[in-house]
Amino acid sequence: MLERLNQSMEHIERHLDQPVDVAELARIAATSEYHLRRMFSALAGMPLSEYVRRRRLTVAGAEVLSGRESLLDIAVRYGYGSGEAFARAFRAMHGVGPGEARRVGAALVSQPRLAFRLTVEGNCSMRYRVVDKPDFSVVGFKARVPLVHTGPNQAIIDFVRGIERQTLEQLEKLSDQEPHGILAICDDLDPSRAEGTELDYYQGVITSEAAPEGASTLGVPAGTWAVFTTSGPVPEAIQYLWRDVFTEWFPSNPYRSRPGPEILRTRLSPEGAVADAELWLPVEREQG
């Protein structure tokens with residue numbers, strides 16, 4: 001997987017002065033567009049679109065400093081419809097406009113080319129199982145919240161605190177299939193997985209029962225799920241599990257992610273600092 005991903009990175013380099021076709025990148029990487037975006041974001045720490053933008057502005061910056069072509073010609077080559085649009089993007093990355101950078105020979109920011117390598121340490125194992133699950137329904141309370149990669153998500157904390165305990169206890173009684181109990185469900189995430197983009201968050205259960213008053217229902221079609229378990233401090237252990245699934249498990253296994261809700265079952269210790277967690281992710285087998 002990583003070798004093919006690196007081939008798609010080379011394709012980006014050869015086409016920085018052209019629109020980047022994510023479908024073509026996915027074909028080169030022998031995976032789906034959805035999984036390519038997920039894998040790239042997890043491995044690189046930024047969305048694919050952001051990486052392409054930064055690489056273009058890095059190469060464009062070198063051409064600005066060389067002084068061989070007009071700023072407008074450079075802007076047009078790298079996909080900007082006007083000199084003003086190019087100047088705004090250039091300043092946002094480099095902290096200086098292209099005209100000033102050329103006049104004073106300013107030091108610019110550089111986005112290095114990325115290459116991915118798998119480091120095998122062998123000092124820990126990842127506990128997982130693969131489950132084929134028929135269609136089911138999520139029933140619970142829903143909020144639109146921002147995505148937070150590291151540390152507590154205050155929007156989710158405030159939302160959950162606003163649900164009365166008695167209401168959650170009644171909801172938990174509806175749970176009648178795996179994974180059992182009150183769950184955290186994330187759906188409709190932005191494909192970029194960029195920090196601050198929004199998602200639908202459900203505090204709910206998986207059930208065949210009807211939704212109580214004030215609750216929402218999310219229908220989920222049948223499919224395959226990879227189920228991962230971990231234990232550790234909250235929220236770091238859970239956030240690291242998400243990271244490790246995409247940086248370690250997917251590159252080593254014949255599966256790719258597919259669209260669908262991501263389900264987290266958490267059981268806190270009495271003092272609330274440590275948790276046992278079970279993460280359900282929708283997957284499908286890689287083709288060929």
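The expected span of a helix is 1.5 Å times one less than its number of residues. Keep that rule handy for the first exercise, and remember that this is a predicted model.

**Exercise 1. Check the length of helix H6 (residues 83-94) against its expected span.**

Solution. Start with the count: H6 has twelve residues. At 1.5 Å a residue, these should span 16 Å. Now look at the model, where the end C-alpha atoms of H6 are 16 Å apart, so the two values agree. One more thing to spot at the end of the helix: Gly95, just after H6, takes a positive phi of about 80°.

**Exercise 2. Work out which residues of H6 are buried, how they are arranged around the axis, and what covers them.**

Solution. Pick out the residues with under 20% relative accessible area. In H6 the buried ones are Ala85, Phe86, Ala89, Phe90, Met93 and His94. Next, look down the axis of H6: the buried residues fall within an arc of 140°, so they line one face of the helix. Then turn to the face that points away from this buried side, and you'll find the exposed residues Glu84, Arg88 and Ala92. Last, ask what sits over the buried residues of H6: the cover includes helix H4 (48-66), helix H5 (71-77) and helix H7 (98-104).

**Exercise 3. Place Thr230 and Gly105 in the fold, and decide for each whether it is buried or exposed.**

Solution. Take Thr230 to begin with. It belongs to strand E6 (residues 223-233). Its relative accessible area is 16%, and buried means under 20%, so Thr230 counts as buried. Setting aside neighbours within four places in sequence, its contacts are Arg127, Ala237, Leu241, Ala275, Asp276 and Ala277.

Now Gly105, which sits in the loop between H7 and strand E1 (127-133). Here the relative accessible area is 53%, and the cut-off for exposed is over 50%, so Gly105 is exposed. Again leaving out neighbours within four places in sequence, Gly105 touches Leu65 and Glu100. Leu65 deserves a second look: Gly105 and Leu65 are 40 residues apart in sequence, yet 6.3 Å apart in space, C-alpha to C-alpha.

**Exercise 4. Find where the backbone has a cis peptide bond, and describe the positive phi values of Ala30 and Asp188.**

Solution. Go to Glu178 and Pro179, which are joined by a cis peptide bond with omega of about -5°. Pro179 lies in the loop between helix H9 (165-172) and strand E3 (183-187).

Then check phi. Ala30 isn't a glycine, but its phi is positive, near 55°. Ala30 is in the loop between helix H2 (22-28) and helix H3 (33-44), and is partly exposed, with a relative accessible area of 34%. Asp188 also has a phi near 55°. Its place is in the loop between E3 and strand E4 (198-207), and with a relative accessible area of 45%, Asp188 is partly exposed.

**Exercise 5. Sum up the protein chain: its elements, extent, burial and charge.**

Solution. Count the elements: ten helices and nine strands. For extent, the C-alpha trace spans about 70 × 45 × 35 Å along its principal axes. For burial, 47% of the 288 residues count as buried. The accessible surface is about 14800 Å², with 49% of it belonging to carbon and sulfur atoms. For charge, there are 32 positive and 39 negative side chains, and the centres of the two sets are 5 Å apart.

Conventions
Residues numbered from 1 in each chain as written. Heavy atoms only, no water. Helix = DSSP H or I, 4+ residues; strand = E, 2+ residues; numbered from the N terminus. Buried < 20%, exposed > 50% of the residue type's maximum accessible area, 1.4 Å probe, protein only. Arc of directions from axis to C-beta. Contact = heavy atoms within 4.5 Å. Areas by Shrake-Rupley, 256 points an atom, 1.4 Å probe, with all protein chains shown as cover. Lys, Arg positive; Asp, Glu negative; His and termini not counted. Charge placed at Lys NZ, Arg CZ, Asp CG, Glu CD.
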